[in-house]
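Thanks for asking me to look this one over. My comments follow as numbered points, and I hope they are handy to read with the model open.

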Amino acid sequence: MNKIACITGASSGIGWATAKALSAVGYQLVLCGRRLERLEALKKELPTESYLLTFDVQNRSEVETAFQSLPEAWKSIDVLINNAGNAHGMNAIQDGDPADWDAMMHSNVDGLLYVSRMVIPGMIERSGGHIVNLSSIAGKQVYPNGNVYCASKAAVEALSQGMRQDLNVHGIKVSNVAPGAVNTDFSAIRFKGDQQKVDAVYAGYEPLVAEDIADLIRYIITAPAHVNIADVTILPKAQASATQMLRKN
Ligand code: 8X3
(Lines give C-alpha, C1' and ligand atoms only; values in the text may rest on other atoms or scores of the structure.)
Protein backbone atom coordinates (compact mmCIF):
# COMPACT_ATOMS: atom_id res chain seq x y z
CA MET A 1 0.00 0.00 0.00
CA ASN A 2 1.20 3.51 -0.77
CA LYS A 3 2.25 5.75 2.07
CA ILE A 4 0.01 8.69 2.97
CA ALA A 5 1.34 12.25 3.29
CA CYS A 6 -0.78 15.11 4.61
CA ILE A 7 0.08 18.62 3.40
CA THR A 8 -1.37 21.81 4.89
CA GLY A 9 -1.55 24.92 2.75
CA ALA A 10 -1.67 22.69 -0.33
CA SER A 11 -3.70 25.10 -2.44
CA SER A 12 -0.72 27.17 -3.57
CA GLY A 13 3.03 27.75 -3.53
CA ILE A 14 5.28 25.34 -1.65
CA GLY A 15 2.35 23.17 -0.57
CA TRP A 16 1.12 22.76 -4.16
CA ALA A 17 4.61 21.95 -5.49
CA THR A 18 5.22 19.50 -2.64
CA ALA A 19 1.98 17.67 -3.44
CA LYS A 20 3.16 17.21 -7.01
CA ALA A 21 6.65 16.08 -5.96
CA LEU A 22 5.36 13.53 -3.43
CA SER A 23 2.64 12.21 -5.70
CA ALA A 24 5.28 11.68 -8.40
CA VAL A 25 7.12 9.29 -6.07
CA GLY A 26 3.96 7.39 -5.15
CA TYR A 27 2.54 9.05 -2.04
CA GLN A 28 -1.22 9.23 -1.58
CA LEU A 29 -2.07 12.66 -0.28
CA VAL A 30 -4.40 14.30 2.20
CA LEU A 31 -4.53 17.82 0.79
CA CYS A 32 -5.55 20.55 3.23
CA GLY A 33 -6.42 24.15 2.43
CA ARG A 34 -9.12 26.77 2.64
CA ARG A 35 -10.00 26.86 -1.07
CA LEU A 36 -11.80 23.72 -2.23
CA GLU A 37 -11.71 24.66 -5.91
CA ARG A 38 -7.90 25.01 -5.77
CA LEU A 39 -7.54 21.64 -4.05
CA GLU A 40 -9.83 20.06 -6.65
CA ALA A 41 -7.68 21.51 -9.45
CA LEU A 42 -4.55 20.12 -7.77
CA LYS A 43 -6.13 16.69 -7.28
CA LYS A 44 -6.73 16.48 -11.04
CA GLU A 45 -3.02 17.01 -11.72
CA LEU A 46 -1.82 14.20 -9.45
CA PRO A 47 -0.98 10.66 -10.57
CA THR A 48 -1.87 9.17 -7.16
CA GLU A 49 -5.11 9.29 -5.16
CA SER A 50 -5.81 12.21 -2.87
CA TYR A 51 -8.39 13.16 -0.26
CA LEU A 52 -9.36 16.79 0.26
CA LEU A 53 -9.89 18.50 3.62
CA THR A 54 -11.00 22.13 3.62
CA PHE A 55 -10.49 24.07 6.81
CA ASP A 56 -8.68 27.09 8.21
CA VAL A 57 -5.69 25.99 10.34
CA GLN A 58 -6.35 28.96 12.64
CA ASN A 59 -9.69 27.52 13.73
CA ARG A 60 -9.14 24.70 16.21
CA SER A 61 -12.62 23.22 16.00
CA GLU A 62 -12.49 23.26 12.17
CA VAL A 63 -9.15 21.43 12.32
CA GLU A 64 -10.49 18.83 14.76
CA THR A 65 -13.69 18.25 12.77
CA ALA A 66 -11.76 17.92 9.51
CA PHE A 67 -9.34 15.28 10.81
CA GLN A 68 -12.10 13.40 12.63
CA SER A 69 -13.97 13.20 9.31
CA LEU A 70 -11.16 11.31 7.54
CA PRO A 71 -12.35 7.92 6.27
CA GLU A 72 -10.62 4.92 7.86
CA ALA A 73 -8.50 4.31 4.75
CA TRP A 74 -7.03 7.81 5.02
CA LYS A 75 -6.43 7.98 8.77
CA SER A 76 -2.98 6.36 8.80
CA ILE A 77 -0.93 9.43 7.96
CA ASP A 78 2.76 8.53 7.58
CA VAL A 79 4.08 11.99 6.78
CA LEU A 80 2.78 15.40 7.90
CA ILE A 81 4.02 18.50 6.10
CA ASN A 82 3.17 21.53 8.26
CA ASN A 83 3.35 24.10 5.48
CA ALA A 84 0.37 26.43 6.04
CA GLY A 85 1.34 29.92 7.10
CA ASN A 86 2.20 33.34 5.85
CA ALA A 87 3.55 36.80 6.55
CA HIS A 88 1.14 39.71 6.92
CA GLY A 89 2.58 43.22 6.82
CA MET A 90 6.15 44.35 7.39
CA ASN A 91 6.36 47.30 9.76
CA ALA A 92 8.34 48.60 12.69
CA ILE A 93 6.90 47.08 15.84
CA GLN A 94 5.19 50.33 16.91
CA ASP A 95 3.36 50.51 13.58
CA GLY A 96 2.30 46.87 13.36
CA ASP A 97 -1.37 46.03 12.88
CA PRO A 98 -2.50 43.69 15.67
CA ALA A 99 -4.80 41.95 13.17
CA ASP A 100 -1.68 41.04 11.14
CA TRP A 101 0.04 39.80 14.31
CA ASP A 102 -2.95 37.62 15.13
CA ALA A 103 -3.06 36.19 11.60
CA MET A 104 0.64 35.25 11.70
CA MET A 105 0.68 33.79 15.20
CA HIS A 106 -2.62 31.96 14.66
CA SER A 107 -1.66 30.36 11.35
CA ASN A 108 2.11 29.88 11.69
CA VAL A 109 2.12 28.71 15.32
CA ASP A 110 -1.35 27.75 16.55
CA GLY A 111 -2.33 26.15 13.25
CA LEU A 112 0.79 24.01 13.19
CA LEU A 113 0.03 22.88 16.75
CA TYR A 114 -3.66 22.13 16.11
CA VAL A 115 -2.92 20.00 13.05
CA SER A 116 0.00 18.20 14.69
CA ARG A 117 -2.12 17.39 17.75
CA MET A 118 -4.64 15.62 15.48
CA VAL A 119 -2.03 13.60 13.58
CA ILE A 120 0.63 12.69 16.17
CA PRO A 121 -1.46 10.22 18.28
CA GLY A 122 -1.96 7.98 15.22
CA MET A 123 1.75 8.09 14.46
CA ILE A 124 2.48 7.09 18.07
CA GLU A 125 0.00 4.18 17.82
CA ARG A 126 1.77 2.99 14.67
CA SER A 127 5.24 3.64 16.18
CA GLY A 128 6.43 5.72 13.26
CA GLY A 129 5.95 8.75 11.11
CA HIS A 130 7.67 11.86 9.85
CA ILE A 131 6.76 15.49 10.50
CA VAL A 132 8.27 18.25 8.36
CA ASN A 133 7.77 21.78 9.70
CA LEU A 134 8.17 24.73 7.33
CA SER A 135 10.11 27.39 9.16
CA SER A 136 12.13 30.18 7.52
CA ILE A 137 15.51 31.90 7.62
CA ALA A 138 13.38 34.41 9.56
CA GLY A 139 13.12 31.84 12.36
CA LYS A 140 16.89 31.83 12.73
CA GLN A 141 17.70 35.51 12.12
CA VAL A 142 15.51 38.45 13.06
CA TYR A 143 15.57 41.33 10.57
CA PRO A 144 14.30 44.93 10.78
CA ASN A 145 10.50 45.15 10.50
CA GLY A 146 10.26 41.34 10.51
CA ASN A 147 9.52 41.28 14.27
CA VAL A 148 6.31 39.23 14.64
CA TYR A 149 6.81 37.11 11.51
CA CYS A 150 10.32 36.28 12.75
CA ALA A 151 8.91 35.48 16.20
CA SER A 152 6.31 33.14 14.71
CA LYS A 153 9.01 31.26 12.78
CA ALA A 154 11.32 31.20 15.82
CA ALA A 155 8.42 29.44 17.54
CA VAL A 156 8.33 26.90 14.69
CA GLU A 157 12.07 26.30 15.21
CA ALA A 158 11.48 25.66 18.92
CA LEU A 159 8.54 23.38 18.19
CA SER A 160 10.59 21.35 15.70
CA GLN A 161 13.20 20.77 18.40
CA GLY A 162 10.59 20.05 21.05
CA MET A 163 8.69 17.63 18.82
CA ARG A 164 11.93 15.85 17.90
CA GLN A 165 12.75 15.38 21.58
CA ASP A 166 9.28 14.22 22.65
CA LEU A 167 8.61 11.97 19.66
CA ASN A 168 12.05 10.35 19.38
CA VAL A 169 10.99 7.60 21.78
CA HIS A 170 8.06 6.80 19.47
CA GLY A 171 10.19 6.35 16.35
CA ILE A 172 8.87 9.54 14.73
CA LYS A 173 11.25 11.73 12.73
CA VAL A 174 10.90 15.52 12.85
CA SER A 175 12.54 17.74 10.25
CA ASN A 176 12.73 21.53 10.09
CA VAL A 177 13.04 23.31 6.73
CA ALA A 178 14.05 26.99 6.71
CA PRO A 179 13.88 28.62 3.27
CA GLY A 180 15.17 32.06 2.36
CA ALA A 181 13.67 33.98 -0.55
CA VAL A 182 11.21 31.83 -2.51
CA ASN A 183 9.23 33.40 -5.34
CA THR A 184 5.65 32.42 -4.49
CA ASP A 185 2.67 34.59 -3.56
CA PHE A 186 4.37 34.99 -0.13
CA SER A 187 5.41 38.61 -0.77
CA ALA A 188 2.13 39.55 -2.47
CA ILE A 189 0.36 38.46 0.73
CA ARG A 190 2.93 40.11 3.01
CA PHE A 191 2.67 43.42 1.13
CA LYS A 192 -1.07 43.11 0.52
CA GLY A 193 -0.74 43.30 -3.26
CA ASP A 194 1.70 46.27 -3.44
CA GLN A 195 3.40 45.07 -6.63
CA GLN A 196 6.31 47.54 -6.39
CA LYS A 197 7.32 46.13 -3.01
CA VAL A 198 6.84 42.58 -4.24
CA ASP A 199 9.03 43.18 -7.29
CA ALA A 200 11.73 44.76 -5.12
CA VAL A 201 12.03 41.58 -3.02
CA TYR A 202 12.94 39.43 -6.03
CA ALA A 203 14.81 42.00 -8.16
CA GLY A 204 18.33 41.44 -9.45
CA TYR A 205 18.92 37.79 -8.54
CA GLU A 206 17.41 34.37 -9.09
CA PRO A 207 15.19 33.47 -6.13
CA LEU A 208 14.21 29.96 -5.19
CA VAL A 209 10.96 28.61 -6.59
CA ALA A 210 8.42 26.41 -4.81
CA GLU A 211 9.72 23.34 -6.68
CA ASP A 212 13.17 23.79 -5.06
CA ILE A 213 11.63 23.40 -1.62
CA ALA A 214 9.45 20.52 -2.79
CA ASP A 215 12.56 18.69 -4.07
CA LEU A 216 14.20 19.10 -0.68
CA ILE A 217 11.11 17.84 1.16
CA ARG A 218 10.93 14.80 -1.13
CA TYR A 219 14.59 14.09 -0.37
CA ILE A 220 14.04 14.50 3.38
CA ILE A 221 11.13 12.09 3.56
CA THR A 222 12.60 9.46 1.25
CA ALA A 223 16.00 9.34 3.00
CA PRO A 224 16.92 5.90 4.41
CA ALA A 225 14.99 4.84 7.53
CA HIS A 226 17.99 5.38 9.83
CA VAL A 227 18.60 8.96 8.56
CA ASN A 228 16.84 12.07 9.84
CA ILE A 229 17.57 15.30 8.01
CA ALA A 230 16.86 17.33 11.14
CA ASP A 231 17.27 20.93 10.07
CA VAL A 232 17.99 22.48 6.68
CA THR A 233 18.37 26.12 5.65
CA ILE A 234 17.84 26.51 1.91
CA LEU A 235 18.74 29.81 0.23
CA PRO A 236 19.07 31.18 -3.28
CA LYS A 237 22.73 31.23 -4.30
CA ALA A 238 22.62 35.03 -4.12
CA GLN A 239 21.46 35.07 -0.48
CA ALA A 240 24.02 34.99 2.35
CA SER A 241 21.77 35.81 5.32
CA ALA A 242 18.27 37.06 6.04
CA THR A 243 19.37 40.55 4.99
CA GLN A 244 22.30 40.04 2.58
CA MET A 245 21.48 39.50 -1.09
CA LEU A 246 23.81 39.84 -4.06
CA ARG A 247 21.76 41.78 -6.59
CA LYS A 248 22.74 42.66 -10.15
CA ASN A 249 20.94 45.35 -12.12
C1 8X3 B 1 10.41 33.85 3.98
C2 8X3 B 1 11.80 34.34 3.91
O3 8X3 B 1 13.43 36.24 4.26
O4 8X3 B 1 11.16 36.85 3.63
O5 8X3 B 1 10.11 33.20 5.15
O6 8X3 B 1 11.64 36.07 5.84
S7 8X3 B 1 11.98 35.94 4.45
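**Notes on the predicted model**

1. The lining of the largest pocket divides by class into 23 nonpolar, 20 polar and seven charged residues. Please bear in mind throughout that this is a predicted model. The space in this pocket comes to about 1100 Å³, and 50 residues line the pocket. If you would like to find its centre on screen, look for Asn86, Ala87, Tyr149, Thr184 and Phe186, which lie nearest to that centre.

2. Which elements each supply at least two residues of the lining of the largest pocket? They are α1 (13-24), β2 (28-33), α5 (147-167) and α6 (186-190). The largest share belongs to α6, with four residues.

3. Now for the nonpolar interior. The largest nonpolar core has 34 residues, and Leu29, Leu31 and Ile213 are the ones that touch the most other members. Helices and strands both feed this core: α1, α2 (36-45) and α8 (210-222) each give at least two residues, and so do β1 (4-7), β2, β4 (79-82), β5 (129-134) and β7 (231-234). The largest share, seven residues, is from α8. Apart from this core lies another one, of 26 residues, with Trp74, Leu80, Ala84 and Val119 among them.

4. Leucine 29 deserves a look of its own. Leaving out residues up to four places away in sequence, leucine 29 touches Ala5, Ile7, Ala19, Leu22, Ser23, Leu46, Glu49, Ser50, Tyr51 and Trp74. One of these contacts, Trp74, is listed among the residues of the 26-residue core.

5. The model also has two cavities of 30 Å³ or more. The largest cavity has a volume of about 80 Å³. It is lined by 17 residues, and His88, Gly89, Asn91, Met104 and Asn147 are the closest to its centre. Both α4 (98-125) and α5 supply at least two residues of this lining. By class, the lining of the largest cavity has seven nonpolar, seven polar and three charged residues.

6. The second largest cavity holds about 30 Å³ of space. Its lining is made up of Thr8, Val57, Asn82, Ala84, Ser107, Gly111, Leu112 and Val115. With four residues, α4 gives the most to this lining. Here the classes are four nonpolar, four polar and no charged.

7. Valine 57, part of the lining just described, sits in the loop between β3 (50-54) and α3 (60-68). Is valine 57 buried or exposed? Its relative accessibility is 9%, so valine 57 counts as buried, the cut-off being under 20%. The C-alpha atoms of valine 57 and glycine 111 are separated by 4.4 Å, although the two residues are 54 apart along the chain. Beyond four places in sequence, valine 57 touches Thr8, Val63, Ala84, Ser107, Gly111, Tyr114 and Val115. Of these contacts, Thr8, Ala84, Ser107, Gly111 and Val115 also appear in the lining of the second largest cavity.

8. Asparagine 83 is another loop residue to check, placed between β4 and α4. Asparagine 83 counts as buried because its relative accessibility is 12%, which falls under the 20% limit. With neighbours within four places in sequence left aside, asparagine 83 is in contact with Thr8, Gly9, Ile14, Gly15 and Leu134. Thr8 is also on the contact list of valine 57.

9. Finally, the backbone has two residues that I would look at for their phi angles. Serine 127 is not a glycine, yet its phi is positive, about 55°; this serine lies in the loop between α4 and β5. Serine 127 counts as exposed because its relative accessibility is 55%, and the class begins over 50%. Asparagine 145, not a glycine either, has a positive phi of about 70° and is found in the loop between β5 and α5. How exposed is asparagine 145, and what is its relative accessible area? The value is 36%, so asparagine 145 is partly exposed.

How values were computed: Residues are numbered from 1 along each chain as its sequence is written. This is a predicted model: local features need pLDDT of at least 70, side-chain atom pairs count only at pLDDT 80 or more; totals for chains, interfaces and linings use all residues. Side-chain values use heavy atoms; hydrogens and water are left out. On a 1 Å grid over the protein atoms alone, a cavity is a set of points where a 1.4 Å probe fits but cannot get out, and a pocket is an open set with protein on both sides within 12 Å along at least five of seven lines; lining residues have an atom within 4 Å of a point. Grid points are joined across faces, edges and corners, and a volume is the space filled by probe spheres set on the points. Ala, Val, Leu, Ile, Met, Phe, Trp, Tyr, Cys and Pro count as nonpolar, Asp, Glu, Lys and Arg as charged, and the others, Gly among them, as polar. A nonpolar core is a set of buried Ala, Val, Leu, Ile, Met, Phe, Trp, Tyr and Cys residues joined through side-chain atoms within 4.5 Å. Buried means under 20% relative accessible area, exposed over 50%, partly exposed in between (1.4 Å probe, protein chains only). Contact means heavy atoms within 4.5 Å.
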